[in-house]
Structures are given as structure tokens and as C-alpha cells.
Amino acid sequence: MKKIHNNLNIENLIKTEWFNQFNEEQQTEILFGIKSDVDVLVYAKTEFNEYQMREIRLGLEDNLDVSIYAKSEFDYLQMDQIRFCLEKGLNVFPYINPNFKNSQITQIRFGLQQNLNVSIYAKPEFDKNQMEQIREGLEKNLDVSIYANSKIPWQEMREIRLKLQKESTL
């Protein structure tokens, strides 16, 4: 077992006051990490709740670069989406932004999975519904620049997209 400091390894450290600073659920995640033989000190921090700890642990267990999302400004749902992208080998790094909600990251992931130019809509000013309309337009090879404007409500975007789709099939 790896030495941490003052000749303490993680198994001895959990017998100290250090371990008691965490609530029961956080302690459980730390113990799961020890059992999985991952570096629990990456996530054994009071700034992470048990759900964030779980997402980081799962990434460590899959040998992912969790440093991309192991930050307290990401909630566990955002972490989950980023971890999923990393698992699938998607280059989500340019689009990692704590201002994105998990549903927005999902739309970015869907676009990356389709090899779309997500930079067109991977902007915090677009809500998830607007992102979806732009993504769907890109999937149909439409000129989304006509409606890729955050001031246009998603319902109007949909109408424009459907009109463009209809015109492209004529």
C-alpha cells in the first residue's frame, strides 16, 4: 500500500480523525476506492459530496483522466456526462465548462458521437433545447447559421429547421 505521509498508508489513515471528517456516504465511497485499489486521495476531499466522489472513483476504476472533471465546480451529473464522453473516447475537453448543465453536455456528447461540428452550439448561451435543434439541423446537413442564435426561442428554431428540412427534400 502506498505511503501517504508520516509513514501512514491509506488503510492506517482511515483509522484517524482524517477519515472522520467525511460523512458515512463519503466514507463508503472512500472504502469502495480502497477496495478497487484506486488513488482515493484524488477524491477524498470534503469539497466533494458522495455522488461526486462516486463519479471520480468510477473514472479512476476505468483508468480515465479524471483531472478533467474532478473539480468541485462540477456537480455529479455534469461529471457523469463528462466521464461518459471520456469512456467513449470523445474529445469533450474543449467543451468542458462548469457553466454547462448536464443536459447541455448531453447535447454536446450526442453531437460528438455523430462527428458533428459541435462548436457551433457548444456555448453556454444556448439552452439544451436550442442545442438540440441546432444539432438536429447539423445531422440533416442544414445551414444552421440561419437559426443558430441564442435569442431565437427553441420552438422557433424547430419551425425553421423543419422548414429547411422540407425545402431540402424538394
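Biologist: Glu 167 and Lys 163 both lie in helix α8 (residues 154–168). How many residues apart are they, and how much of the helix is that?

Modeller: Four residues apart, about one turn of the helix. Keep in mind that this is a predicted model.

Biologist: What makes the contact of Glu 167 with Lys 163 a salt bridge?

Modeller: The N to O distance is 4.0 Å. The cut-off is a side-chain nitrogen of Lys or Arg within 4 Å of a carboxyl oxygen of Asp or Glu. The pair therefore counts as a salt bridge.

Biologist: Why is Lys 163 called exposed?

Modeller: Its relative accessible area is 54%. Exposed means over 50%, so Lys 163 qualifies.

Biologist: And why is Glu 167 put in its class, partly exposed?

Modeller: Glu 167 has 42% relative accessibility. Buried needs under 20% and exposed needs over 50%, so Glu 167 falls in between.

Biologist: Which residues are joined into one network by salt bridges that share partners?

Modeller: Arg 54, Glu 55, Asp 80, Arg 83 and Glu 87. Within it, Arg 83 pairs with Glu 87, the closest N and O atoms being 2.6 Å apart. The two are four residues apart in helix α5, so about one helical turn separates them.

Biologist: Are Arg 83 and Glu 87 buried, exposed or in between?

Modeller: Arg 83 has 10% relative accessibility, under the 20% limit, so it counts as buried. Glu 87, at 36%, counts as partly exposed.

Biologist: Which salt bridge links distant parts of the chain?

Modeller: Arg 57 with Glu 29. Arg 57 is in helix α4 (residues 50–61) and Glu 29 in helix α3 (residues 24–36), 28 residues apart. Their closest N and O atoms are 2.7 Å apart, and both residues are buried. The whole structure has nine salt bridges.

Biologist: Turn to helix packing. Why is α6 called roughly parallel to α7?

Modeller: Helix α6 (residues 102–113) and helix α7 (residues 128–139) pack at about 10 degrees, with axes 9 Å apart. Angles under 35 degrees count as roughly parallel, so the label fits.

Biologist: What is the make-up of the contact of α6 with α7?

Modeller: Three nonpolar, four polar and three charged residues. Among them, Ile 108 and Phe 110 come from α6, and Lys 128 and Arg 135 from α7.

Biologist: What makes α5 roughly parallel to α6?

Modeller: The angle between helix α5 (residues 76–87) and α6 is about 10 degrees, with axes 9 Å apart. That is under 35 degrees, hence roughly parallel. Their contact divides into five nonpolar, five polar and one charged.

Methods. Residues are numbered from 1 along each chain as its sequence is written. This is a predicted model: local features need pLDDT of at least 70, side-chain atom pairs count only at pLDDT 80 or more; totals for chains, interfaces and linings use all residues. Side-chain values use heavy atoms; hydrogens and water are left out. Axes are lines fitted to C-alpha atoms, for helices over the stretch in contact, and angles run from 0 to 180 degrees between N-to-C directions. Angles under 35 degrees count as roughly parallel, over 145 as roughly antiparallel, 65 to 115 as roughly perpendicular and the rest as oblique. Contact means heavy atoms within 4.5 Å. Ala, Val, Leu, Ile, Met, Phe, Trp, Tyr, Cys and Pro count as nonpolar, Asp, Glu, Lys and Arg as charged, and the others, Gly among them, as polar. Buried means under 20% relative accessible area, exposed over 50%, partly exposed in between (1.4 Å probe, protein chains only).
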